[in-house]
Each structure stands twice: as structure tokens, then as C-alpha cells.
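This report walks through the fold of one protein chain, beginning with a detail of its backbone and moving on to how its parts meet. Please keep the sequence and the model in view while reading.

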Amino acid sequence: MSKFLIRGGRKLFGEISISAAKNSYLPILAACVLCDDKIVLHNYPYYTDTESMCKILASLGARIVYLDDTIIIDGASINSSNIESELASQVRSSIFTLGALLGRFKKARVAYPGGCEIGARPIDIHIESFRKLGVKIIEKHGYIYCDASQMHSGSVVLEFPSVGATESLMMASVFVKGQTKILNAAKEPEIVDLQKFLNSMGAKISGAGTGEILINGVSKLKGCSFVPINDRIVAGTYMIATVMCGGDVTIKGVKANHLASLLDKLDKTACSITVKNDKIRVQATNRPMAIGKIETSVYPGLPTDLQAQILALQTISQGSSIVCENVFESRFKHIPELVKMGADVHIKDRVAFVRGVEKLYGASVTGMELRGTASLILAGLVAEGYTTVSGSKHIDRGYRKIEDELASLGADIKRVQD
Ligand code: UD1
């Protein structure tokens, strides 16, 4: 096990290219199950989550070849529709493969992904939506047994615009005769990316990015070559880091409109943000101003995946803020650790009250989940003295060598053995 050793107080300067989006890559990898041809995916990011998803594909029989940052997946040899619990527990997104397996084999036995560090994360919306389309489902002994031999087209209204349920339904419906409609669908950019990928293989899907997605069944998909979008959450993390540390950083390779809600919030901190093509430049000279009210919500609202980082920013801002976590029920595990570093934060249910302090102080802290660990690293970058952040296994799920990327901007951070 490793941890991060950070000496706070350095400003950040330079340019950084953002790697591919974990949340695009995971459903796209799952969707490879639908095709018995070769698929070439570029900018493969080697996150542990994408690696776990590749292990799942390999366990189903896929042949996978890595060529630097290109990955070739040959689905011709996929011959299993079962995902065992050992693999399903490694990556929650294993549940996406359920839709793809139903699309290809009309049946699946998939281990229940269970809860995780940020909440119970039930999959009732996935299950109910499949049932509405004629899939027979039995849940027993931690497994979900699905029979989609009678699956039909139709309209499904999601009770909540779940990202995973929208993606799973898109995959499951690709070969279903007629038109399937997903209403109250999630609108995240990663859903648009999944639509683009499926359509590059020959699917007929439209409407992604709106609340109504239409899937017109096709009989076969073909291989393709595809470049998934880059990670707006990683980009947002480095933008927030720059506002906290001060400096001048240009983030390359993300669309500013995918981060509009964050740009709007960061505008209130008195930093300067300039957008040109796929570059976002953040310049920060003074202590940031508090943002005030911050609420997470579904896209295009402020992503829950940036809540922990933006909360870390509030702990050192001038003034007070209120942070409401509306998407997940237990996503404040970073707060007691920030308090150890001198932050002034009080929690009531899903609301955190933050009073900005002049300084945080280095401490030994532990991250419990991906984005919460990122927020502790950001706090370490501005704290006085040394901070050690344990929990590197969480960070590696969705950041590509965060210590090297931050060090390239001038931060004093390295990975050390526990
Ligand atoms: C995806 C993202 C995750 C992000 C989240 C919200 C991936 C791989 N992960 O997760 O990074 O934080 O979207 O933007 O893309 N819910 C139910 N029943 C369901 C499904 C969801 O109650 O059947 C609840 C969840 O517990 C959660 C909320 O709905 O409270 C949002 O979940 P969802 O949009 O499904 O998130 P994920 O797809 O799991």
C-alpha cells in the first residue's frame, strides 16, 4: 500500500492534458460485449477501474490486446453471460455489463454489486426498467438472474435520471425490434459518448444529452475505432487545485461546456478563467472568496463527483458556504479528515456548513473513496507543513498518476510506501 506525502504551499503553473473519462470508458468497455468483431479504443487511461472492467470482459471470454494507450477488444470469443461476485465487487460498474449481456445473449447471471463507500447505491431502477420491457428477473443469493428472451420495445420512464440505468438500458435495447424510448433519461456527456460509440458500431440511437433517448433496434453491430471523451471530473479537480494554491494553469482536452456548472461556481471565487477551443486557463492570485451556496445535482448541475474537491476549496476561502449533497446519501467522509487539518465544517444530514479558515495544517489523513481522497490531496497542497494522505487505491481508480500530474505543475507531492 502506498500513500501520498505532500509539502503544502507551492503555487501551480503550467499546462496539463487530461486523460480519458473513467465514466465514459467503463460503459464503452461494457458495450464491447455487444459486438463479435474487433473494437479499437484509443487513449486508454489504465485506471484500476478500467482494468477491473477489462478483467470482467476477459472472464467472459473476450480477447484483449494492449498497444501503449490503445486497447483492442475482440468480442468474437465471448461465450459466457455470467459475472461472478469476486469480479463484480471490484468495480461497481460491473452492473453496466448486465445490459450488454442481455443485448447479446438474452440472458445473464450477474453478481449484485452491493453498496459502496458513498452510499447504498441500489439498482432498483435498472431492475424495474428491464422488467417493464419484458425481462424476467430473479434476485437470489447475491446474484441477479435475467431472462430477456421475451424482451420487447416500449417506453420506460426512469423514476430518477440514473446514469447507470440509462446506459444499461441503451445497451440492452440495441437489438430489440422496434423503438425503445427512455424517458427522464440522464443527460451526462458520458451518455452522449456512449450513444456515439454504439452508433459507430451501427446502432440507431438518438436523443442522448436530452431527457428522451430513442433506440431503434438493429440486427447486428460491427467493429469500430473510437476515442472516448476526456475526464471532466479530473479537469475540474485540477482547476479547483489551481484556485486553492494560486498560480496559472491551462487544462487541455476538455470541453468547457461540460464543466459549465463548475465554471459558474469558480467565477465567484475571484479567479480568472479563460476558455479557448479545448483549453481552459485558470489564473488565481488572491485568497479565494467563498462561493456561498453549493448544491450537487444531475447534469447539467454541479456534479456530485466534484463536491468533495469544491468543499475542500471552501475550507480555505474567505467567508462561509453551505454545501448540499443531493445525489448520494453518504458522501461526506472526507469532512472529518479535513477537520483534522484545521477546517471548520459542521454536518447536518446531507448539508455541510463551512466557515473558511486562513490556514489548514498538515496532518496524517485517510481517504475513504475516490473523490474524497482527491479533496484531501488538494487540502494537503495548501496546508502548512507536511500532509500524508492514505487511500491511494481509491485515487488510482480514476486518476492517472495524480502525483506526477500535480508535480508537473510544481506541487511538492510524491507517492511513498506505507
Ligand atoms: C455514475 C458515475 C458516478 C457518479 C454518478 C452520479 C459511472 C461509472 N459512475 O454512477 O461517478 O457519481 O453517476 O453522477 O458513470 N440510484 C437508485 N437506484 C438505482 C440507480 C441509482 O436509487 O437503480 C440512486 C443512487 O443510489 C444514487 C443516485 O441514484 O443516489 C445516482 O445514481 P446513478 O446516476 O445511477 O449513478 P451511477 O451510474 O452509479
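## Backbone details and domain contact

Pro-300 lies in the loop that runs between strand E18 (293-295) and helix H10 (307-315). In this predicted model, the peptide bond that joins Tyr-299 to Pro-300 is cis, with omega at about 15 degrees. A second backbone feature concerns Tyr-46, a residue other than glycine whose phi is positive, near 55 degrees; Tyr-46 sits in the loop between strand E3 (38-41) and helix H2 (48-60). Both features deserve a look, because most residues other than glycine have a negative phi, and most peptide bonds are trans.

Turning to the whole chain, the protein contains 14 helices and 24 strands. Its radius of gyration is 21 Å, close to the 22 Å that the globule rule gives for 418 residues, so the protein is as compact as a globular protein of that length. Along the principal axes, the C-alpha trace spans about 60 × 45 × 40 Å.

The protein is divided into domain 1, made up of residues 2-18 + 230-417, and domain 2, made up of residues 22-226. The contact between them draws 24 residues from domain 1 and 18 residues from domain 2, while the centres of the two domains, taken over C-alpha atoms, are separated by 31 Å. Between them the domains bury about 1800 Å², of which 51% is on carbon and sulfur atoms. On the side of domain 1, Tyr-299, Phe-328 and Arg-397 supply 29% of the area buried against domain 2, more than any other three residues. Tyr-299 is thus a residue of this interface as well as a partner in the cis peptide bond.

Which polar links span the interface? Six residue pairs are in polar contact across the interface of domain 1 and domain 2, and the count of salt bridges between the two domains is two. The side of domain 1 that touches domain 2 receives two or more residues from each of helix H8 (232-245), helix H12 (370-382) and helix H13 (392-395). By class, that side of domain 1 has seven nonpolar, five polar and twelve charged residues.

Over the whole structure, 22 salt bridges are found, and two of them are set out below with the distance between their closest N and O atoms.

| Acidic residue | Basic residue | Closest N and O atoms |
|---|---|---|
| Asp-49 | Arg-397 | 3.0 Å |
| Glu-15 | Lys-252 | 3.3 Å |

The pair of Glu-15 and Lys-252 links distant parts of the chain, since Glu-15 belongs to strand E2 (residues 12-17) and Lys-252 to strand E15 (residues 247-252), 237 residues apart. Arg-397, which forms a salt bridge with Asp-49, is also one of the three residues named above for their share of the area that domain 1 buries against domain 2.

Definitions and conventions. Residues numbered from 1 in each chain as written. Predicted model: local features only at pLDDT ≥ 70, side-chain atom pairs only at ≥ 80, totals over all residues. Heavy atoms only, no water. Domains from an automatic or database assignment. Contact = heavy atoms within 4.5 Å. Buried area = accessible area lost by both parts, 1.4 Å probe. Salt bridge = Lys/Arg side-chain N within 4 Å of Asp/Glu carboxyl O. Polar contact = N/O pair within 3.5 Å; in protein donor to acceptor, adjacent residues only side chain to side chain. Helix = DSSP H or I, 4+ residues; strand = E, 2+ residues; numbered from the N terminus. Nonpolar A, V, L, I, M, F, W, Y, C, P; charged D, E, K, R; others polar. Rg over C-alpha atoms; globule rule 2.2 N^0.38 Å.
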